[in-house]
Amino acid sequence: MKVSSKLAGLGVVACMLAQPALAADKIKIGVIVTLSGPAAALGGQVRDGFNLAIKDLGGKMGGKDVEVVVADDELKPDAAITKAKGLLERDKVDFVVGPIFSNMLQAIHRPITENKTFLISPNAGPSSYAGKECSPYFYVTSYQNDQVHAVLGKVAQDRGYKKMYLLVPNYQAGRDSVAGFKLDYKGEIVEESYVPLNTLDFQPELSKISSQKPDAVFTFMPGGMGVNLVKQFKQAGLADTVPVLSAFTVDESTLPAQQDAAVGMFGGANWAPNFDNAQSKKFVAGYEAAYNSVPGTYAMQAYDAALLIDSAVKAVGGDLTNKDKVAAALKKADFASLRGNFKFNTNGYPIQDFYLTKVAKRPDGKFQTEIVQKVFENYADRYAKDCAAK
């Protein structure tokens, strides 16, 4: 009886020891993005782009099954923190992918990275984590926020626009956008308008633009804000006389609602649906077939985030226990990005090419952004020099 009891006890111990091993046979990834409210279309693109990549990978990474847990941050910092902690404590995810907005990233960055869980941002790239506060547990598959806006500042300077009106939301990414635009633009800024996040009525700002007669407008208005701004800009009769240089205002997440009102407006981006390489064309076709919509940079960067994680899992043979090895594998970025040139700088933000894009209506009646010209090549952000943590 004593022997039996001892063996039975060993059996219990064996079962307990087996449970983590079984859990480790699956890669768990949390995706936390905005899926409610006016900005839901942006989060939907990230979710769908990431899921398409998992499907194209056969549902596996490094030979292990992948489970994706999706959470809605509701564009509320408190909700984002609660959802992030749920992914860590309840779901015990190995990686977190997200979010869309920089203020959501600022809410969840610390809880996730201090937990030594890898956070991969498919969109938000604030300056705050690109320099001294960089982390070996944080990687970005999009850009540093300033960079896309710098594209428009360079274009405005090169095109000789002497007077610019700047219109952005009043939060970290909005302030970053203005800083980015000013990097290369040296002309006169007649006004900087900072509106509350989720503003949907722009009549006061449009009246100012009409009276001040700038050579062009620079704006960053993601999601529903961009939809309303573009429609109201067109209705006010400004679209025919004032060029619009925008970032994340006219893109594949907003164009289905903006439609003809956005045609001809310019943007800055690291990719567009007409990007000319075989892998990108396959992705666009696959995304349109799966979701009946045109993918934007949100979806592309999320797809790349999945490829990045897959490359790291393969490099460590599926063993995620050694965090240093996983971090080194992520930093190598050993995957073929849909945008072509891609590598990580010392801070975990990409070095990549950037383009001026323009909204066009396709023969099938759908709308998309298309590349007009390359503006920056192998463009690195200016904060990496201050990063010593990686």
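**Group meeting: a walk through the sheet and its helices**

Hi everyone, let me start with one pair of strands: strand 5, residues 118–121, runs parallel to strand 6, and the two are joined over 3 bridges. Please keep in mind that this is a predicted model. If you want a spot to click on, take Ser 121, whose bridge partner in strand 6 is Val 140.

Now zoom out to the whole sheet. These strands belong to an open sheet of 6 strands, ordered 2-3-1-4-5-6, with mixed pairing. Which strands sit at the edges? They are strand 2, residues 60–61, and strand 6, residues 138–140, and each of them pairs on one side only.

Next, the helices that go with the sheet. Helix 3, residues 77–89, packs on the sheet and touches strand 1 (26–33), strand 3 (64–72) and strand 4 (95–97). The direction of helix 3 makes about 175° with that of strand 1. Helix 12, residues 323–332, lies across strands 4, 5 and 6, and runs at about 15° to strand 5.

Helix 12 also has a helix partner. Two packed helices are described by the angle between their axes and the distance between the axes. For helix 11, residues 297–315, and helix 12, the axes come within 8 Å and cross at roughly 130°. That angle makes helix 11 oblique to helix 12, and the crossing is right-handed. Which residues make the contact? From helix 11 we have Leu 308, Ile 309, Ala 312 and Ala 315, and from helix 12 Val 326, Ala 329 and Leu 330. By class, that contact has 7 nonpolar residues, no polar ones and no charged ones.

On to helix 5, residues 145–158. Is helix 5 enclosed or open? It is largely enclosed by the rest of the structure, because 11 of its 14 residues are buried. Among the buried ones are Asn 145, Asp 146, Gln 147 and His 149, along with Val 148, Leu 152 and Val 155. After helix 5 comes Gly 160, with a positive phi near 75°.

Last stop: Val 168, which is found in strand 7, residues 163–169. Val 168 is buried, with a relative accessible area of 1%. What does Val 168 touch, leaving out residues up to four places away in sequence? The list is Gly 174, Ser 177, Val 178, Ser 193, Tyr 194, Val 195, Phe 218, Phe 220 and Met 221. As for Ala 40, it lies 128 residues from Val 168 along the chain, and their C-alpha atoms are separated by 19 Å.

Thanks for listening!

Note on methods
Residues are numbered from 1 along each chain as its sequence is written. This is a predicted model: local features need pLDDT of at least 70, side-chain atom pairs count only at pLDDT 80 or more; totals for chains, interfaces and linings use all residues. Side-chain values use heavy atoms; hydrogens and water are left out. Two strands pair if DSSP finds at least two bridges between them. Helices (H or I, at least four residues) and strands (E, at least two) are DSSP runs, numbered from the N terminus. Contact means heavy atoms within 4.5 Å. Axes are lines fitted to C-alpha atoms, for helices over the stretch in contact, and angles run from 0 to 180 degrees between N-to-C directions. Buried means under 20% relative accessible area, exposed over 50%, partly exposed in between (1.4 Å probe, protein chains only). Angles under 35 degrees count as roughly parallel, over 145 as roughly antiparallel, 65 to 115 as roughly perpendicular and the rest as oblique. A crossing is left-handed if the near helix is turned anticlockwise from the far one by less than a right angle, and right-handed if clockwise. Ala, Val, Leu, Ile, Met, Phe, Trp, Tyr, Cys and Pro count as nonpolar, Asp, Glu, Lys and Arg as charged, and the others, Gly among them, as polar.
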